[in-house]
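Trainee: Please take me through the charged side-chain contacts of this model in detail, beginning with one acidic residue and following the contacts outward from there. I should like to see how exposure and position in the chain bear on each of them.

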Amino acid sequence: MNDLWRLSAAELAALIRQRKVSAKEAAQSGLARLDAANPAINAVVDHRPEEVLAQAEAVDAALARGLNVGPLAGVPVTVKVNIDYKGYATSNGVKIQNEIIATSNSPVIDNLVKAGAVILGRTNCPAFSYRWFTTNQLYGDTKNPRDPSLTPGGSSGGAGSAVAAGIGHIAHGTDIAGSIRYPAYACGVHGLRPTVGRIAAYNQALPERIISGQITAVSGPLARTIADIRLGLEAMSHPDPRDPWYVPVPLIGEPREKRVAMCLRPDGLEITKAVESAVRDAGKRLERAGWIVEEVENTPALREAAALQTTIWFGDGYQGMLDAAEREGDPAALVCLRGQKDKLKDFDNGGLSRALVRRSTFVRDWELFLQRYAVVLMPMSGELPFPDNLDMEGEEGFARVWAAQMPQIGIPFMGLPALSVATGLVGRTPTGVQVVAGRYREDLCLAAGEAIEAGGTPPMPCDPITA
């Protein structure tokens, strides 16, 4: 049973429910894999083995009493260091917040535990969760297990790296501009950013910034199979009274015609040949699965949406963010914040109001577009995963990163769900695509994702490559 960590969450949960293996055995296997793989990648930065085993023993005891322990019965999962987990620091990857110890769980943690999950450890993020790279002065660098010269993504880089390497079967991440989807893309796994309001959010230790009734960062799952993404979404999405913006919408919507809009260069995005090949390949996989794929020249507004998402993200409380980053002294966080300053000149002069008006228009345009198409297939990024810390290589590197990431920055502005699907490798570099659907139609993203997944993925879990 030493290789239980290799199984999918769905497979492992079924074995535990059937009492063919114990939750404690699964936890021991997960801890052994963490000990073996984590030193090379630094994905999990805080874990307490005795607590992990105690959680697993509680699951086994509940099963022995004939109780229903939930869909994630005994499955080891990881959670990001920027959400509250009672007794642990809600550090968000910064030293100045490392003494902020949560006195209660966030709704996501509570929901995972209610679903029977065993929390294996806490995963790394960049300082303040700002970047698509994962380094900080508190925990150090997280490496991509497929190639240490590549970014593991960010801000949920620890989550992507861990689950790709077999540390935990599902990883929790948060996403404001690609922070779930990009680590999934970079590490060769799958990741879902759900619709705003789908998963309850609340942090007592570090309250979320709320803009016009919408929480900017959205929690969601990363996993090695689309089936496990679905399982993670089900577990995380139960209601919680602490989140006034939670929306109780069923996880399965009305049947739709399986029609796809495939857009290679949304809003003029520049893409590499490898990115184009990945999107076209995914379109062919969908066609083989019975989907109608129509190549379209463009989507509704995405470039302006990305610019406005960035403006709201950094403009609301910019000086406070900059002051905190200066106190922390994290050079990468400072480069990220200072690089946005010119974009925020008009924010305090009605910029927020104008952005929110534009958002209403864009939401309407996208929802009308998605009346014809069940999903949109597009690039995750204009490039394959970046060399690690490319954004620190002068103005040219910084600009290159932000230009390529436009498709993943823009989608959250409309509050739409988006799924990053891993499709293969170019050498050691993962490839993948992004699937977008209408609000609260994660089920359509997942249905298309399963069809794409069936055509092949990178081998996973993988053993970390160290050179």
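Mentor: In this predicted model, E57 has a relative accessibility of 40%, and because that value falls between the limits of 20% and 50%, the residue counts as partly exposed. The side chain of E57 forms a salt bridge with that of K24, with 3.2 Å between N and O. This contact connects distant parts of the chain, for K24 belongs to helix α2 (residues 23-41) and E57 to helix α3 (residues 49-64), with their positions 33 residues apart in sequence. K24, at 30% relative accessibility, is likewise classed as partly exposed.

The pair of K24 and E57 is one of the salt bridges in the structure, which number 24. A second one joins R131 to D391, where the closest N and O atoms are 2.7 Å apart. R131 sits in the loop between β3 (118-123) and α5 (157-164), while D391 sits in the loop between β11 (375-378) and α13 (394-404); the pair therefore ties together parts that are 260 residues apart in sequence. With a relative accessibility of 3%, R131 is below the 20% limit and so counts as buried. D391 also counts as buried, because its relative accessibility is 4%.

A third salt bridge brings together the side chains of R198 and E442, at 2.9 Å from N to O. Here too the link is between distant parts of the chain: R198 is in the loop between β5 (190-193) and β6 (210-211), E442 is in helix α15 (residues 442-453), and 244 residues separate the two. Both R198 and E442 are buried. Elsewhere, E257, R259, E294 and R372 are joined into one network by salt bridges that share partners.

Some members of that network lead to the strands. R259 falls within the range of strand β9 (residues 259-262) and E294 within that of strand β10 (residues 292-295); these two strands pair in the parallel sense over four bridges. E294 also takes part in the strand pairing, as the bridge partner of A261. Between the two strands the chain passes through helix α8 (residues 273-288), and this β-α-β crossover is right-handed.

R372, also in the network, falls within the range of helix α12 (residues 347-372), the helix in which V357 is found. V357 counts as exposed because its relative accessibility is 55%. V357 and E326 are separated by 31 residues in sequence, and their C-alpha atoms are 33 Å apart in space.

One further kind of side-chain link remains to be considered, the disulfide. A search of the whole structure finds zero disulfides. In the case of C125, the closest cysteine sulfur belongs to C336 and is 13 Å away, which is too far for a bond. C125 is buried, its relative accessible area being 0%. C462 is also in no disulfide, as the nearest cysteine sulfur, that of C187, lies 8.0 Å away. At 11% relative accessibility, C462 counts as buried.

To return to the starting point, E57 is partly exposed, as is its partner K24, whereas R131 and D391 are buried, and so are R198 and E442.

How values were computed. Residues are numbered from 1 along each chain as its sequence is written. This is a predicted model: local features need pLDDT of at least 70, side-chain atom pairs count only at pLDDT 80 or more; totals for chains, interfaces and linings use all residues. Side-chain values use heavy atoms; hydrogens and water are left out. A salt bridge is a side-chain nitrogen of Lys or Arg within 4 Å of a carboxyl oxygen of Asp or Glu. Buried means under 20% relative accessible area, exposed over 50%, partly exposed in between (1.4 Å probe, protein chains only). Two strands pair if DSSP finds at least two bridges between them. A crossover is right-handed if, with the strands pointing away from the viewer, the path from the first strand over the helix to the second runs clockwise. A disulfide is a pair of cysteine sulfur atoms within 2.5 Å.
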